[in-house]
Amino acid sequence: MAKKENIIKKPTAAKKAEKEQTALHIVGIGASAGGLEALQILVGSIKPNKLLSYVIIQHLDPKKSTIMDEILNKHTTLKVKVIDHGEKVKINTIYLNPPNKYVAIKNGKLVLSDYADPAHLRYSIDNFLKSLAHDQRENAIAIILSGSGSDGSIGIKAIKAEGGLIIAQNTSQAKYNSMPQSAINTGTIDFILSAEDMHAEILKYLLHPFLQEKIREPEDSNFFDNYQKLFSVIRARTGNDFSQYKLTTIQRRVARRLVATRLNSYSDYIKFIESDPDEVNKLFKDLLITVTHLFRDPEAFSVIEKQILPELVNNLEPDDSLRIWIPGCATGEEAYTIAILAIEAAEKIKRRLNIQIFATDLDETSIDIARRGVYPKNIPGTISPERLRRFFTGDENGFKITKEVREVIIFAVQNVIKDPPFSNLDLVCCRNLLIYMGPELQKKIIPLFHFVLKKNGFLFLGPSESIGDFRDLYNSVNPKWKIFRKVETGRDRYHKYEPPDYIKHYDVNNKNKVTDMTSSNTFKEITEKTLIENFSLPGVLVDKNFEIVYFHGNTEKYLSPPKGDANFNILKMAKDTIVKNKINSTLIRVMTKTETITCRGIYVKDKGISFKLNLIFKPITSKNEGVFLTLILFEETVPADLPIKKRKGKIQSSEIDKLEFELQSTKESLQSTIEELEASNEELKSTNEEMQSTNEELQSTNEELETSKEELQSTNEELATTNSELQNNVEELSQAKDDINNLLASTEIETIFLDKHFVIKRFTPAMKKVYNLIETDVNRHISDITSNINYPNIYDDAKKVLDTLNRKETEIRNNDGRWYNVRIIPYRTMENIIDGVVLTFIDITDIKNTERLKQFEILFSDSNDAVILFDLDGKISLWNKGAEKMYGYKEKEAVGKNYEMLYPPEKIGDAVEFISAMKKERNIQLFETQRVTKKGTPLDVSITGKLLTGKSGEIIGISTTEREITHFTKTKEKYEKQIADLKSKLELKK
């Protein structure tokens, strides 16, 4: 029974439910080389809690199973396990990635997929963190531990953009600091800590009241006032106005900083940021953080590559430039993506285009990164191997964009809201910038883009953006990827947006009791807001020059326009002299003291009716803002009196009061004038002293200028010397150029230089024998030129040389029968950059002929027949071994002798006849004759003769091939005798 009760009391269901509880926050941990030690320390510091679960992504050997779970189990009481496909992430569990598997998270479940290429495992941390940011948004937390390379630096940007927390290991503790250092360099890290302190810091972050209770300040005046102060602080420190950005986005980013600084309210954060310039910069970075990488949204850029850029390039006139603007370019990845596509588009039509890409952003740090064009080694996951090889150079630190791409982009710091835009553009690529802006800004920027685009130019927005109500300005080209074409309209809806001067700055130290300005854009709104809150009286808004900028209510009793030219100076418009004097003296006091001043009981007469008037002067802005506005309100305190009447010998008391008030006002005005005059005198004295001091300073400055002049003269001499040296260098370079040109011409070697697109850069004069070239063919594609060679694979071989950097050598024959040795080698610049190929054609016809002659000589020398060459006079020049064997004369005995020595004495005259017959017949086919040997032995021979001719067809000699047929002749005579005897016998029988 007791056993049963024990079973009932055991809270198995509750414990099981707790174990099954889904994690509220997921920590993605990236580690690589040397990360085991850091993981052991980190895991050892983790205590069970109901907030967190952990996913560890490492670079593992794809061919070996992991025992990491066994190792880490020894350091923690939490459950450590290797990930199973599709399992839900639970609290108090540490998950490990299996070898050779991609890990992602979707709807809180861990998803595994195979790698097509195991080499891509080194980017597994980035891939997981990006999916974690997308799935968990602000609940995502990332930790980057020891490791080599830069994996994780792209993924943490995605988490930063969603408002998650990012921690990097202190590089001094990391065994391999490349990964944490690369993460720190992104500027997105919230905390840099040792491994043992990370978990405690995460818990402090998560237990902040803002996250625990989701505290939000009520949307009352304090709430909005706090945000207006916040915008003013940012504007004062950075010069950028965020007041019209989406408030939800601003709230989320501010809340993130509020939690990071451990403050409990927006008011506390405002005070903190006013006193800490570094925090302003951190918030500014958070407000601007974006997720970007090369060829982000490949399908969208495929539309740009295949549809938009080809149309733009083909429609350009020969002298036109392709002009593209990329506002909000961040660290430049999108700009380089567009540049690569533009260069490829130009290559496809085989044209050299002037490509101008303007990439701008608010953040100067991001622009500096973009200008360097150096990105971590994990970019191969976002760009094809062909483009990576073509447009990037790699080193141990990552990949750097090539000079070819960098030169077409101009990076600049620019505020798209208020700075002048670029103009005459073919394409504006503004992706994922408008989503952070409020409706008013979008209404100004969308027409702005229309204004700067050329006719039929294109606008490329982000997938979550639209053109709003401006459908009359654009036609949709691709609704999915938000690509639009400009529509020409009969009206210009472009209006440049620039915040009014009075909201551009905010003095964080200003403690004067003046009305703070809101984000209102018109004087009407400013005036009406102040009147409604205070008096609702008639009045005017006056600037520091006493000019009326706005009228409110009926002011005809007090003000009237002056005669002549239009003038809104309040002193000239004031009807009553007393009122004019009061306004003059009081405005000066308001400007000095910046406080509300009321002038009471002023007697005013209008249309014969007198009344008392109070003038209320209320300053609107601080004098330190550069714009001083004062609201002057007119308040009648006594109802209108009857017209003044005189009694005999007496004046009514009301008239006496008025006269006394006028006298008092005049005295006050006079006193004020005297005080102003005295103040002016004091100021003049002070100014005079300042002028004297300035004069002394100018004298001192003049002496400094004299010294500077001498220094400039010295510098000028140095520059003259330098200029002389440079001129000498120019002359030497010119001489060297002439020497090179003469060297190339004198070698008579056919050489041509081509760039990477096989466009002709230079060629030697001898090259005209191979290709039909003229001087104007420079900058033309080599395929446009006809050639005299039979080499169909020349382009494939040249491309192979560019790809492999291995030289190619082959032999070809031209249409005239001449032979060439063709060499194709890479063209290297002084910076060791491959910038094309060099083709060299060396004429080897003579070598080929020599080789053939040698073959003939071998054949001639080893022939068993007698081969003899002699000139038309019969002088022997060649005598082979067959002739030695046949006639008995050695070569040295025969060469130089007359061919007649081979004839029998009685037939020596036949030699002349033979040569004459050869001249006539050219070639003599086989015939039989008789010759004699050195020993005088007669030989029967068969002879074939052939004339030898020179290049111009002249006869230079005769060759004979002679074969002994004595044995054949004797055999023939024997058979002929036998036949004759046989015939005789047959005739006798008959």
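Leaving aside its neighbours within four places in sequence, with which residues is serine 131 in contact? The residues are Ala104 and Ile105, where contact means heavy atoms within 4.5 Å. Serine 131 itself sits in helix H5 (residues 124-136), and its C-alpha atom is separated by 5.8 Å from that of isoleucine 105, although the two residues are 26 residues apart along the chain. Because its relative accessibility is 14%, serine 131 counts as buried, a word that stands for under 20% relative accessible area, with exposed meaning over 50% and partly exposed anything in between (1.4 Å probe, protein chains only).

The model is predicted, so that local features need pLDDT of at least 70 and side-chain atom pairs count only at pLDDT 80 or more, while totals for chains, interfaces and linings use all residues. Residues are numbered from 1 along each chain as its sequence is written, and side-chain values use heavy atoms, with hydrogens and water left out.

Taken as a whole, the protein chain has 990 residues, of which buried residues make up 44%, and it holds 29 helices and 36 strands; helices (H or I, at least four residues) and strands (E, at least two) are DSSP runs, numbered from the N terminus. Of the contacts in the protein chain with a separation of 6 or more, 61% are accounted for by residues 24 or more positions apart.

Two loops each hold a residue other than glycine with a positive phi. Asparagine 92, in the loop between strand E3 (79-82) and strand E4 (93-96), has phi near 55 degrees, and with a relative accessible area of 18% this asparagine is buried. Phenylalanine 546, in the loop between strand E20 (539-542) and strand E21 (548-552), has phi near 70 degrees and is likewise buried, with a relative accessible area of 11%.

Helix H13 (residues 277-288) can be followed through its packing against two other helices. The axes of H13 and helix H11 (residues 247-260) come within 10 Å and cross at roughly 135 degrees, which makes H11 oblique to H13. Axes here are lines fitted to C-alpha atoms, for helices over the stretch in contact, and angles run from 0 to 180 degrees between N-to-C directions; those under 35 degrees count as roughly parallel, over 145 as roughly antiparallel, 65 to 115 as roughly perpendicular and the rest as oblique. Ile250, Arg253, Val254, Arg256 and Arg257 in H11 meet Glu279, Lys282, Leu283, Asp286 and Leu287 in H13. Helix H12 (residues 266-275) packs against H13 at about 110 degrees, with the axes 5 Å apart, and the two helices are therefore roughly perpendicular to each other. Here Tyr269, Phe272, Ile273 and Ser275 of H12 contact Pro277, Glu279, Val280 and Leu283 of H13.

The last feature is the nonpolar core, a set of buried Ala, Val, Leu, Ile, Met, Phe, Trp, Tyr and Cys residues joined through side-chain atoms within 4.5 Å. The largest has 48 residues, and those with the most contacts inside it are Ile357, Phe392, Ile409 and Phe411; helix H15 (residues 333-348) gives the most to this core, with 10 residues. Not counting residues up to four places away in sequence, phenylalanine 411 touches several residues, including Cys329, Tyr336, Ile367 and Arg406. Apart from this core lies another, of 46 residues, among them Leu230, Leu362, Leu459 and Phe484.
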